[in-house]
Amino acid sequence: MMAVAHDGVAGRVLDGADKGLPSEAAGLSVADFLAREPRLAALWTPLLVLDDRVLDDNIAFLAGWVAERGLELMPHGKTTMSPQLWRRQLDAGATGITVANPSQLRVAVDAGIPAIMLANQLVQAEAIRWTAEAVAAGTRIWSWIDDPAGIDAIERAMGGAADRPLEVLVDVGRPGGRTGARSFDAAVALAERAASSPAVRLAGVTGYEGSVAHGRGDEALASARAYIDELLAVHDAVAPLYDDGDVLVSAGGSAYPDVVGTAFAAASVAGDRARFVLRSGAYLLHDHGYYRENSPFEGAGLRPAARGLARVVSRLDPDTAIVDAGKRDFPYDEGLPVPLSAIDRRGERMPLPGARTTKLSDQHGFVRIAPDSPLAVGDLVVFGLSHPCTMLDKWRLVPVVDSLDDLSTAIVTDLVETRF
C-alpha cells in the first residue's frame, strides 16, 4: 500500500471541486479520508483510477532494463505532473526528472527534485534568471538549445557572464521536425558557440527520435536508428569542446527506447565517458491504445495502470449506451476509450463483446453495443485508455487502489495529486 506523506498531500483538505470524490470527503484531509478506507465503488463517476501494483511493476521493469544496459533514466514528468509519482521513479533509480517548460520546471524545483532536465530552450528573461537562482540554490538543471538566439537570450538575461553558467545540451533535429538544429554542421556550430559563451556550459547533446519516426514498421525503426546515429555523430564531433565535467547524451521517448538503448549501450561499452540518459515517461501508466500498439515492451514487461470508469446514463437507442464521461474526463487525442467490461448494480462483472466507443462530446461518451446487450442505466463501464500524456491532466486528484482486478470491492489506498 502506498504512503500518503509525499509532498504535503496528506494534509490537503478536500472539497467539492475534487472531481470524483464522494460528498462526505469534503472538509476532510487526504489522510483522514483514506483512514476511512473508502471503497472505490463509493466514488462518483466519471472517474480515473490507478493500479498501485501495476505502477510498481512498470517502474521496476524499466528501471531494471535501463540499469542492465548501463544507462540512466530521467523520465518525462509532464506525463503525470505528479511529484508523488516522480518520487517513486527516483526511488527506483531514476537520476532525475524531465520537464517540458519553465512552469513545469518550477513545480519540480518546488517539489525538491534534485536533478531536472528542461527539454526545451529557455528564452524568457525572467524564467532564465529564476532558473539561475534555482541552480545557485543547489538544483541541477540542464536545458536545451537549438539556435544561437537561445544562447543570446541567456547572455542578455544573465548580464553577459555568470558565476555559475547554465548547463545546456545541443538539441539535434531535422528539417521540418520539431525543435533541434537542422543539420550536422548547424549542431556543431551551436556547440562551438555554447563552449565560447561565459553564460552557459556545454554539457552534452540531446534530441527526440519520436519527432522523426512513427509506428513500429521497418521504415520507422530505420529512421529512428539513423537519427540516433546522427545524434551520436554530433556528440563525437563536439567532444573536444567539452570541459572536464560530466557530459549527458539524451534521447528516448516511450515508443523507441529499445532503439535508443541499444545504440547508447554500444557507445557506453565502447568507452564513451558520457552519461547516456533515456527520458521515457509514458511507460509508467502504459495504455490500452497508442503504446499498446507502439511500445516494444507491450506484453514483455509493461501493463496498463489506469482505467476510466463511467456510468450509463441513457440507453434509449438499442445499439448505443451513453455514459457520463467525455473529453473533459478521458484522453481522446490518440484513440478513443476502449470499453473493456461493465459492472452491474449488483457488483457483477459483465462482458461487453464487440463494444466500442464511437464518439466523445464534452461530458458524454457514445458506446456502440449489441442491441440485445443487458447493459442498463446505472451500470458501470470500465474503459481502457489511450495516451498517458493526456490522461491525468484532467484530474486534480486520482484515486489509487491496490489492484484493479475487482473494482466492486477495491479500497482506495491513496490519492495522487497532479500539478498541471
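A residue counts as buried when its relative accessible area is under 20%. That cut-off helps in reading helix 9 of this predicted model. Helix 9 spans residues 257-269. The briefing then turns to two pockets.

**Helix 9**
- Helix 9 has 13 residues.
- From first C-alpha to last, helix 9 reaches 18 Å, close to the 18 Å expected at 1.5 Å a residue.
- Buried residues at the start of helix 9 include Pro257, Asp258, Val259, Val260 and Gly261.
- Ala263, Phe264, Ala265 and Ala267 of helix 9 are buried too.
- Two helices pack against the buried residues of helix 9: helix 2 (52-68) and helix 8 (218-238).
- Strand 8 (248-251) and strand 9 (275-278) also pack against these buried residues.
- Just after helix 9 comes glycine 271, with a positive phi of about 105°.

**The largest pocket**
- The volume of the largest pocket is about 500 Å³.
- This pocket is lined by 27 residues, and the closest to its centre are His76, Lys78, Arg178, Tyr208 and Tyr291.
- Strand 4 (115-121) and helix 10 (290-294) are the elements that give two or more residues to the lining.
- The lining of the largest pocket holds 10 nonpolar, 13 polar and four charged residues.

**The second largest pocket**
- The second largest pocket has about 190 Å³ of space.
- Its lining has 16 residues, and Ala41, Arg311, Ile343, Asp344 and Leu380 are the closest to the centre.
- By class, the lining of the second largest pocket has eight nonpolar, four polar and four charged residues.

Note on methods:
Residues numbered from 1 in each chain as written. Predicted model: local features only at pLDDT ≥ 70, side-chain atom pairs only at ≥ 80, totals over all residues. Heavy atoms only, no water. Helix = DSSP H or I, 4+ residues; strand = E, 2+ residues; numbered from the N terminus. Expected span 1.5 Å × (residues − 1). Buried < 20%, exposed > 50% of the residue type's maximum accessible area, 1.4 Å probe, protein only. Contact = heavy atoms within 4.5 Å. 1 Å grid on protein atoms, 1.4 Å probe; cavity = no way out; pocket = protein on both sides within 12 Å on 5 of 7 lines; lining within 4 Å. Points joined across faces, edges and corners; volume = space filled by probe spheres on them. Nonpolar A, V, L, I, M, F, W, Y, C, P; charged D, E, K, R; others polar.
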